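Please find below my notes on this model, set out as numbered points. Keep the sequence and the coordinates open while reading.

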Amino acid sequence: MADARPKTEKELKKEAEKAAKLAKFEEKQKKLAEQKAKAAASDKPAKEAKAKKDPTANAIPVDNTEPGLKKEISAEIPSAYSPSYVESAWYSWWEKEGFFKPEYIDKLNPGGNPETFTICIPPPNVTGTLHVGHALATTVEDTITRFNRMHGKRTLFNPGCDHAGIATQVVVEKRLKRERGLTRHDLGRDRFNQEVWHWKNEKGDVIYDQFRKLGASVDWDRAVFTMDPKMCRAVTEAFIRMHDSGTIYRYNRLVNWSCSLRSAISDIEVDKKEISGSTFFSVPGYDQKIEFGVMNLFAYKVEGSDEEIIVSTTRIETMLGDSGIAVHPKDPRYEHLHGKYCIHPFIASRKLPIVTDDFVEMEFGSGAVKITPAHDHTDYEVGLRHNLEFHNCITDDGLISNGCGQFSGMKRFDARAAVIEALKEKGLYRGKEDNPMVVPMCSRSKDVIEPILKPQWYVKCDGMAKKALDAVASGELKIVPEFQVATWNRWLESPRDWCISRQLWWGHRIPAYYVSFKDNREQPLKEEDYWVSARTEQEARTKAAKKFEVSEDLIQLKWDEDVLDTWFSSGMWPFAVFGWPNETKDMELFFPSAVLETGHDILFFWVARMVFMAQELTGKLPFKEILLHAMIRDAHGRKMSKSLGNVIDPLDVIRGITLEGLQAQLLSGNLDEKEICVAKAGQAQDYPDGIPECGVDALRFALLNYTSQGRDINLDVLRVQGYRFFCNKIWQAVRFTLNQFAEKTDQKPTFNIDLSKATPTDKWILSKLAKTVKETNEALKIYSFTQATTATYNFWLYDFCDVYIEAIKPVLYGDNAELRQIAISVLHLCVDTGLRLISPMMPFISEELWQRIPRLPDADYSSPSIIVAQYPLTEKYAKYQDEKLEAAFEFARDIVGKVRSLRADYDLTARTKTTIQILAETAEDQAILNDLTDLLTTLTWSKSVTILGQTEKDKIEKGSAHIACGGRCQVYINLTGIIDTAKEIEKLGAKLQKNQISVKKISDIQSTANYEKIPSGIRLRDQEKKASLEKEIENITAAIAQLKALN
């Protein structure tokens, strides 16, 4: 290789500069690395110390228990509460042990005859997954069930799910189209139903697994699907009995028709979209959006004259079904036209009679109304009154019917535009104007509903409604909350007959047969008179032959293609699940149910119909009480909707989920791009950090606390997280208790406590415990879940953790063995009772901790599990109640609170001990406080507390800060030598200024224009923080004044 050419001076200089820069960079990096290593070394002990102090720094414990086995808990209790760990293993063990079965009580008390408690789960749709509304309902139902089970009743919580006719058929049809390009008609009825069963068997257990995750203590061996053979038998029997008695009849009248589904749907499946004027909606089957909310005006020519009558309509395509024009009989403008006719512009053979009817409002529009009896509910009644013709102008699949001139065969909304153009061509169109209206839409298909005339099966409701009204009025059937009785009465005082036909393939096929004759004889009766109902075709043939007095050989039968409304089988739920019409053992034991729990929105659609069906078919009410829960809305008070991104999956709250995870869920739905953007923005605002892991117990407790029996619940997930912290508080309290049991192995807690040797603090906590037992029992018996959660929360947090545990530490760590023995026994009784009290509401954490505390040989109950243990009984704890002592403690707690507040103002830690003098206003209060000096000393972190009488004012030490406690006492805290007054005044002044700035910031935020749009939970926290800062400002101001007085 040739030698390289020598480098120029310029190149050498450049290389030297580059090498110098590189050396400088390497030196800098070396120094940075040394600094980093030094910082890490010095920080390590601090981090280790922090990790030691912070229990959450430890790894989450892992449970490896095999399903069905009792959880292995022999190891030391984990240092912090972990929902996923606590909730593992227990449910499968409960289920395997049979604790949920009503027969379990007979194992505990052979030969006994316990009271029975039954509740049937409202069957969720088999298509669905749990939403937070299900979580609320299941929590309430399960809490009631567990409460009654722990009271020793033979308890059955019966599960099941609904076949959900329309919802399921829609889901399977979409899947067939998406995966195989087929419609149900390509398969035929039998093969399509096989596909539905295949889908049900593949997906149907999802919702059951979610019930398990929520802790629902149901008897899974009794789970019922509304298409199970016993349900099919019951539904068939019910229809036949009610048809034979005339309660079910067939009639030709208007129904809510979904052209997309080609089926009638129930009122509850109709979404009513209120609009104020011209609005465009997407309609299935149309490329362009369709305009609604406008009134079109056009003229009908009067036969034989040049006159015209102007009418208006929001559905101008239905003019093709017009059969008359109504005017008010006293309207002078039309008196000369009474009895005359108008000419239909597009159907030459049709003349429209001008009739008079009082329903017409003379002042509205022209005072003339077009009548379309086959496509409008009001016009239907007018048509019957005036014997008008009924012209169906829209087919089942949404096309214009034959006989409608040039519009026949058009899609209905294409015809809307075509009719307007044709009217313009004839000079009959008179314009349009905005019109507020309600657009009825199918909740399943999002299609616009058409009222269409159809022969359908109906249930007569007037007689059954009267019985249902009487049952509530007499008190035989109770509705909770009571204000819903007015809703019940409003619905049932003027009931409409119930349409039970659905033009579907999935569901209970109607056991009715249309009868014709092989000899083609004349059939002069109405169509509805040629039907018979029967269990089999042969039975139908026999009934028909007898009815029409002909030979069976002449009978021809056609089985009705329609299925029954899903609400029909659901209406039989409370008794069909137990084997009706057979007289089964379960019918004898468990029917009627004790209570039916559900949302108030289906009080008529489902609850009333269960009452109808049970009274009609069994002669009994289906349940004794109806408990209606509130509807859950988001933190802003909005209805939960996927398009708003505010639907809360309870499993996300239980397990926790990131914002990214929440937003990924939106992509798996049916939202369009615009809706996804709106939903994502909503999620980012409400859950900027996602949803934290809260666990089942916290979710259940929060939902119960929200349930104040109102109409709506505004759910704030951060409030649920607050109850997860409450779970950790309970965990730490029990962990502390277990450590005390282990501290001195020669001392064991006992169930029976010698109150004569107990301290006032021991007696006080037992009195608070007795009060909590009483309040919780009373609350759960009347379904006051807010009261029950508040009572137990206050006991655990404010009485047991904040006061009792802190107050007895000197005893626990002291040398008085007798007092310590009583203290650990009281600890055990409080923990054992407190866990049993919350067990119906928080089943997992209560079982986990209860299994860890020792069983006492002298206890008044024994049980393998807390869920079948005896619920604490009010009468057993009454001996502990001492209202006078509780009042004394409230007095002492008020003093403690004020002292701690003053100490906080001076930044005094618990290690800084002070001396306190309390000047009582009366001899009685002096005696009360003298008995509680140990408590006051401990809780105020003092060296000593001295109680002075009114004659001892001269003993008050100089240099003491003063606090007034109402009119009962004065408190003096000696701060001599503890604080530097001048420095403290300066420090407090800075703190005062800082707080004032913080208050102003919050006030500025609250005064912004869009503040009301912020979630109510955040606004509440802002208000609470502001109030707290303002109180602190008040205290600091007083503290500065105190310090100045000391000088």
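1. The C-terminal annotation. UniProt, in an unreviewed entry, lists residues 1019–1046 as a coiled-coil region. How much of this stretch is helix, and how much strand? In the model, which is a predicted one, residues 1019–1046 are 100% helix and 0% strand. The C-alpha atoms at the two ends of the stretch are 40 Å apart.

2. Overall dimensions. The C-alpha trace spans about 115 × 110 × 85 Å along its principal axes. The secondary structure comes to 35 helices and 33 strands. Of the 1047 residues, 52% count as buried. Among contacts with a separation of 6 or more, 76% are between residues 24 or more positions apart.

3. Domains. The assignment gives four entries: domain 1 (273–443), domain 2 (730–881), domain 3 (886–979) and domain 4 (982–1045). How many Å separate the centres of domain 1 and domain 3? Taken over C-alpha atoms, the separation is 85 Å.

4. Surface and charge. The accessible surface comes to about 49,400 Å². Carbon and sulfur atoms account for 51% of that surface. There are 142 positive and 150 negative side chains. The centres of these two sets lie 5 Å apart.

5. Backbone points to check. Most peptide bonds are trans, and most residues other than glycine have a negative phi. Points 6 to 9 go through the departures.

6. The cis bond at Pro481. The peptide bond from Val480 to Pro481 is cis, with omega near 5°. Pro481 sits in the loop between β19 (478–480) and α14 (485–492). Please look at this loop in the model.

7. The cis bond at Pro592. Here the bond runs from Phe591 to Pro592, and omega is near 0°. Which elements flank Pro592? The loop that holds Pro592 connects α18 (585–590) with β26 (593–599). Phe591 is found in that loop between α18 and β26 as well.

The surroundings of Phe591 deserve a look. Is Phe591 buried or exposed? Its relative accessible area is 4%, so Phe591 is buried, the cut-off being under 20%. Leaving aside neighbours within four places in sequence, Phe591 is in contact with Pro574, Phe575, Phe578, Asp586, Ala614, Thr618, Lys620, Leu621 and Pro622. Thr116 is 475 residues away from Phe591 in sequence. In space, the two are 9.7 Å apart, C-alpha to C-alpha.

8. Positive phi at Ala89. Ala89 is not a glycine, yet its phi is positive, at about 75°. Ala89 lies in the loop between α2 (83–86) and α3 (90–97). Its relative accessibility is 17%; Ala89 therefore counts as buried.

9. Positive phi at Trp941. Trp941 is not a glycine either, and its phi is about 55°. The residue is found in the loop between α33 (933–939) and β31 (942–948). Is Trp941 buried or partly exposed? At 26% relative accessibility, Trp941 counts as partly exposed, because buried would require a value under 20%.

10. Glu921 and its partners. Glu921 sits in the loop between β30 (914–920) and α32 (923–930). It counts as partly exposed, with a relative accessibility of 33%. Which residues does Glu921 touch, not counting those up to four places away in sequence? The list is Gln950, Gly967, Arg968, Cys969 and Gln970. Arg968 is 47 residues from Glu921 in sequence. The C-alpha atoms of Glu921 and Arg968 are 5.3 Å apart.

11. Asp894 in α31. Asp894 lies in helix α31, which covers residues 883–905. Its relative accessibility is 33%, so Asp894 counts as partly exposed. Cys965 is 71 residues from Asp894 in sequence. From C-alpha to C-alpha, Asp894 and Cys965 are 7.5 Å apart.

12. Requests. Please show the two cis bonds in a figure: Val480 to Pro481, and Phe591 to Pro592. Please also mark Ala89, with its positive phi of about 75°, and Trp941, with its positive phi of about 55°. For residues 1019–1046, the text should say that the coiled-coil label comes from an unreviewed UniProt entry.

Definitions and conventions. Residues are numbered from 1 along each chain as its sequence is written. This is a predicted model: local features need pLDDT of at least 70, side-chain atom pairs count only at pLDDT 80 or more; totals for chains, interfaces and linings use all residues. Side-chain values use heavy atoms; hydrogens and water are left out. Domain bounds come from an automatic or database domain assignment. Helices (H or I, at least four residues) and strands (E, at least two) are DSSP runs, numbered from the N terminus. Buried means under 20% relative accessible area, exposed over 50%, partly exposed in between (1.4 Å probe, protein chains only). Contact means heavy atoms within 4.5 Å. Accessible areas come from the Shrake-Rupley method with a 1.4 Å probe; for residues, only the protein chains shown count as cover. Lys and Arg count as positive and Asp and Glu as negative; His and the chain ends are not counted. The place of a charge is taken as NZ of Lys, CZ of Arg, CG of Asp or CD of Glu. UniProt positions are given in the numbering used here, feature names are shortened, and annotations may be inferred rather than shown by experiment.
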